[in-house]
Amino acid sequence: MYISKKDDIQDYLIKKGYDVKEFMNENEDWHYFKVSTTWSGVHTVKVKGGFFGYDIQKVK
């Protein structure tokens, strides 16, 4: 069974405490998700896979 990169990133975000609202877009290596957290509310993050795991950045 093959798990897509999008699903793998979504599982990672959930483990990190994000409530994933929706997948928005994929731009080359970056995956954009609308997420919610207790402290920041609803916002957009971009996630990129790297050598040491995933890089999560909040989009302004």
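Which residue stands opposite His-31 in E2? The legends below concern a predicted model, and the first of them gives the answer.

**View 1. The pairing of strands E1 and E2 is antiparallel.** Strand E1 covers residues 19-27 and strand E2 covers residues 30-37. The two strands pair over 7 bridges. Within this pairing, the residue that stands opposite His-31 in E2 is Glu-26. Together, E1 and E2 form a hairpin, with 2 residues between the strands.

**View 2. Glu-28 occupies the turn of the hairpin and has a positive phi.** The residue is placed in the loop that leads from E1 to E2. Its phi is near 55°, a positive value in a residue other than glycine. Most residues other than glycine have a negative phi. Is Glu-28 buried or exposed? Glu-28 is exposed, because its relative accessible area of 71% lies over the 50% cut-off.

**View 3. A salt bridge links Lys-34 and Glu-22.** The closest N and O atoms of this pair are 4.0 Å apart. Lys-34 belongs to strand E2 and Glu-22 to strand E1, so the contact ties together parts that are 12 residues apart in sequence. Lys-34 is partly exposed, with a relative accessible area of 29%. Glu-22 also counts as partly exposed, at 40% relative accessibility.

**View 4. Lys-21 and Asp-19 form a salt bridge.** What separation do the closest N and O atoms of Lys-21 and Asp-19 have? These atoms are 3.1 Å apart. Lys-21 has a relative accessible area of 47% and is therefore partly exposed, the range for that class running from 20% to 50%. For Asp-19 the relative accessible area is 41%, and this residue is likewise partly exposed.

**View 5. The side chains of Lys-6 and Asp-7 meet in a salt bridge.** The distance from N to O in this pair is 4.0 Å. Side chains of opposite charge can pair when their charged atoms come close. How accessible are the two partners, and what is the class of each? Lys-6 counts as partly exposed at 29% relative accessibility, and Asp-7 counts as partly exposed at 33%. In total, the structure holds 3 salt bridges: Lys-6 with Asp-7, Lys-21 with Asp-19, and Lys-34 with Glu-22.

Methods
Residues numbered from 1 in each chain as written. Predicted model: local features only at pLDDT ≥ 70, side-chain atom pairs only at ≥ 80, totals over all residues. Heavy atoms only, no water. Helix = DSSP H or I, 4+ residues; strand = E, 2+ residues; numbered from the N terminus. Buried < 20%, exposed > 50% of the residue type's maximum accessible area, 1.4 Å probe, protein only. Pairing = 2+ DSSP bridges.
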